[in-house]
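Biologist: Good morning. Could you take me through this structure step by step?

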Amino acid sequence: MSEEAGSPQLSLSGYSSLFSISSATHPPPAAHPHHLDLPCLSLSIGTAAGAGEDQAVSSGGGDDQDTTASVRMMKNRESALRSRARKRAYVQELEKEVRRLVDDNLKLKRQCKQLKAEMAALVQQQPTDR
């Protein structure tokens, strides 16, 4: 199994000419501002004719069921890959937001401390002859 940069391929031993998964990036739709730019996976399913005789499916009664199950399994794997990619991106966005909020909190604490010191200095400067 080999991967080229920018175009990962999934090869199933004995079925590499039947199935392949590749990824591409599509621009996010403008209608949803919180949409993340995630890789889009595509599934290609070939026929057994080009796979060779040793890879051909036996002519039993369950050929259609086997093919349907294989397609369903590949679609499920593709869906799981997309789901994990979405979760990774979501967690990364949350971590980024946490870092931003921690930085903002530290900045506001410093500003509050500075304002308290300035207020204390002003209170000391006021005349006490009330």
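Modeller: What follows is a short conversation about the fold, the confidence, the side chains and the surface. Please note that this is a predicted model.

Biologist: How many helices and strands are there in the protein?

Modeller: The protein has 1 helix and 2 strands. Along the sequence, their pattern is β-β-α.

Biologist: Where is the helix, and what is its reach from first C-alpha to last?

Modeller: Helix 1 covers residues 63-125. With its 63 residues, helix 1 reaches 93 Å from the first C-alpha to the last, and this is close to the 93 Å expected at 1.5 Å a residue.

Biologist: Turning to confidence, what is the mean pLDDT of the protein?

Modeller: The mean pLDDT is 73, and 52% of the residues reach 70 or more. Among the elements, helix 1 has the highest mean pLDDT, at 97, while strand 1 (residues 19-25) has the lowest, at 50.

Biologist: Which stretches stay under 50?

Modeller: Over residues 1-5 the pLDDT is below 50, and this stretch has 6 contacts in the model beyond near neighbours in sequence. The pLDDT also stays under 50 over residues 7-19, for which the model has 35 contacts beyond four places in sequence.

Biologist: How should I read such regions?

Modeller: Where pLDDT is low, one should not read the predicted coordinates in detail.

Biologist: Let us change topic. How much of the protein is buried?

Modeller: Of its 130 residues, 8% count as buried. Within helix 1, the buried residues are Val-71, Met-74, Glu-78, Ala-85 and Ala-89.

Biologist: Glu-78 is a charged residue, so I would like to know about its partner. Which side chain meets Glu-78 in a salt bridge?

Modeller: The partner is Arg-82, and the salt bridge between the two side chains spans 3.2 Å from N to O. Both residues lie in helix 1, 4 residues apart, or about one turn of the helix.

Biologist: Why does Glu-78 count as buried, and is Arg-82 buried or partly exposed?

Modeller: Glu-78 counts as buried because its relative accessibility is 10%, and the cut-off for buried is under 20%. Arg-82, in contrast, is partly exposed, with a relative accessible area of 30%.

Biologist: Why can such side chains pair at all?

Modeller: Side chains of opposite charge can pair when their charged atoms come close.

Biologist: How many salt bridges does the whole structure have?

Modeller: A search of the whole structure finds 3. One of them joins the side chains of Arg-100 and Glu-97, at 2.8 Å from N to O. Arg-100 and Glu-97 are 3 residues apart in helix 1, so about one helical turn separates them. Another joins Asp-104 and Arg-100, also at 2.8 Å from N to O. Asp-104 and Arg-100 are 4 residues apart in helix 1, again about one turn. Through shared partners, the salt bridges join Glu-97, Arg-100 and Asp-104 into one network.

Biologist: Are the members of that network buried or partly exposed?

Modeller: Arg-100 is partly exposed, with a relative accessible area of 40%. Glu-97 is partly exposed at 35%, and Asp-104 counts as partly exposed at 33%.

Biologist: Finally, the surface. Which residues make a nonpolar patch?

Modeller: Tyr-90, Val-91 and Leu-94 make a nonpolar surface patch of about 270 Å². Tyr-90 has its place in helix 1.

Biologist: And how much area does the protein expose in total?

Modeller: The protein exposes about 10900 Å², of which carbon and sulfur atoms supply 54%.

Biologist: One last point: what share of the contacts joins residues 24 or more positions apart?

Modeller: Counting contacts with a separation of 6 or more, residues 24 or more positions apart account for 48%.

Note on methods
Residues numbered from 1 in each chain as written. Predicted model: local features only at pLDDT ≥ 70, side-chain atom pairs only at ≥ 80, totals over all residues. Heavy atoms only, no water. Patch = residues over 30% accessible without salt bridge, like charges linked within 9 Å, V, L, I, M, F, W, Y side chains within 5 Å. Areas by Shrake-Rupley, 256 points an atom, 1.4 Å probe, with all protein chains shown as cover. Salt bridge = Lys/Arg side-chain N within 4 Å of Asp/Glu carboxyl O. Buried < 20%, exposed > 50% of the residue type's maximum accessible area, 1.4 Å probe, protein only. Contact = heavy atoms within 4.5 Å. pLDDT = per-residue confidence, 0-100. Expected span 1.5 Å × (residues − 1).
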